[in-house]
Amino acid sequence: MDRIISRDQLHFILLKTHSLTGLVPIGAYLVVHLSVNSLRTVGVLPYQLSIDAINNLPFLIWIETIFIYIPLLFHSFMGFYLTKSARYNLSRYRYPRNGLYTLQRVTGAIVFVFLIYHVGTTVVPKWTEGKHLFEAAPFMIGILNEEFGTWTGRIIYLVGITSATFHFANGLWGFCVSWGIVVGKKAQRNAALAFSLLGLALTVMGFATVFEFSMHPESTVPTLAAIPHLDGGS
Ligand code: HEM
């Protein structure tokens, strides 16, 4: 019996889906996530309110699973698979020329390990300790204060952030080239410059957040408790 799609077609579809998920939703999530976290540099209250907004979303677990965890797992495992198969089939890939190709794969692996640590030390304790709605923000801020109180924590985050922003910015360039959005040598050079600046801006934002937490750790109480008439208190 004939296959509905050939092996090559399946490979092509998986390759394109892998490339697309790197941009949306994962890349978009990274930009929003680093931006929201950088609110900590404005003050602990704006940061707390932004975490409140996220943790009070209806169907949060479904939103996170569908728009973050499933695409992230698909992108990661496809990334490992492509890295393995690329060794035997380099001609399929468009820009295997230089160190950036290797760095893209190395940073992907670092981000994967970083994310296991990051989610394991933030989201997992939040769920296991039942810190939902307005309880989540002070709990999360407490965890981050502790994390950034040590050099080990700071270094893990600085490496994780740099790897993620490089992987995203360099991946964005690869995406634009392989989807035929940026054609021609000059356009590709300009795009490389623009995406490097974007990557740099995101890195600065992430670093600023880490430094703010490190230099000014502040604990908070749940927003509702801080506004007694909303909490039903006297
Ligand atoms: C300054 C650096 C960062 C800080 C302070 C930070 C903070 C946080 C916090 C507090 C959460 C838990 C949110 C909640 O459940 O309420 C979280 C989740 C998460 N972070 Fe980060 N993060 C940082 C960098 C990164 C980077 C670089 C990545 C990407 C590689 C990343 C990816 C994620 C993912 C995938 C989740 C789980 C999504 C969710 O369930 O909400 N984070 N982060």
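In this predicted model, the ligand is surrounded by 24 residues, and the closest of these are His 33, Glu 64, Tyr 69, His 118 and Lys 126. Three of the names in that list come with a polar distance worth noting. For His 33, an N or O atom of the side chain sits 2.8 Å from a nitrogen atom of the ligand. His 118 also faces a ligand nitrogen, with a polar side-chain atom at 2.7 Å. Glu 64, in turn, places a polar side-chain atom 2.8 Å from an oxygen atom of the ligand.

Which helix gives the largest share of the shell around the ligand? That is helix 4, with five residues. Helix 4 spans 99-121, and at least two shell residues come from it and from each of helix 1 (7-37), helix 3 (60-86), helix 5 (123-128), helix 6 (136-147), helix 7 (151-178) and helix 8 (185-215).

Turning to the chain that holds this site, the fold contains 10 helices and zero strands, so to speak an unbroken run of α elements when read along the sequence. Along the principal axes, the C-alpha atoms occupy a box of roughly 70 × 45 × 30 Å. Contacts between residues at least 6 apart in sequence join residues at least 24 apart in 75% of cases. Of the 234 residues, 37% are counted as buried.

The surface rounds off the picture. About 13900 Å² of the protein chain is exposed, and 71% of that area is supplied by carbon and sulfur atoms. The chain carries 16 positive and 11 negative charges, and the mean positions of the two sets lie 24 Å apart.

Terms used. Residues numbered from 1 in each chain as written. Predicted model: local features only at pLDDT ≥ 70, side-chain atom pairs only at ≥ 80, totals over all residues. Heavy atoms only, no water. Helix = DSSP H or I, 4+ residues; strand = E, 2+ residues; numbered from the N terminus. Buried < 20%, exposed > 50% of the residue type's maximum accessible area, 1.4 Å probe, protein only. Contact = heavy atoms within 4.5 Å. Areas by Shrake-Rupley, 256 points an atom, 1.4 Å probe, with all protein chains shown as cover. Lys, Arg positive; Asp, Glu negative; His and termini not counted. Charge placed at Lys NZ, Arg CZ, Asp CG, Glu CD. Near = heavy atom within 4 Å. Polar contact = N/O pair within 3.5 Å; in protein donor to acceptor, adjacent residues only side chain to side chain.
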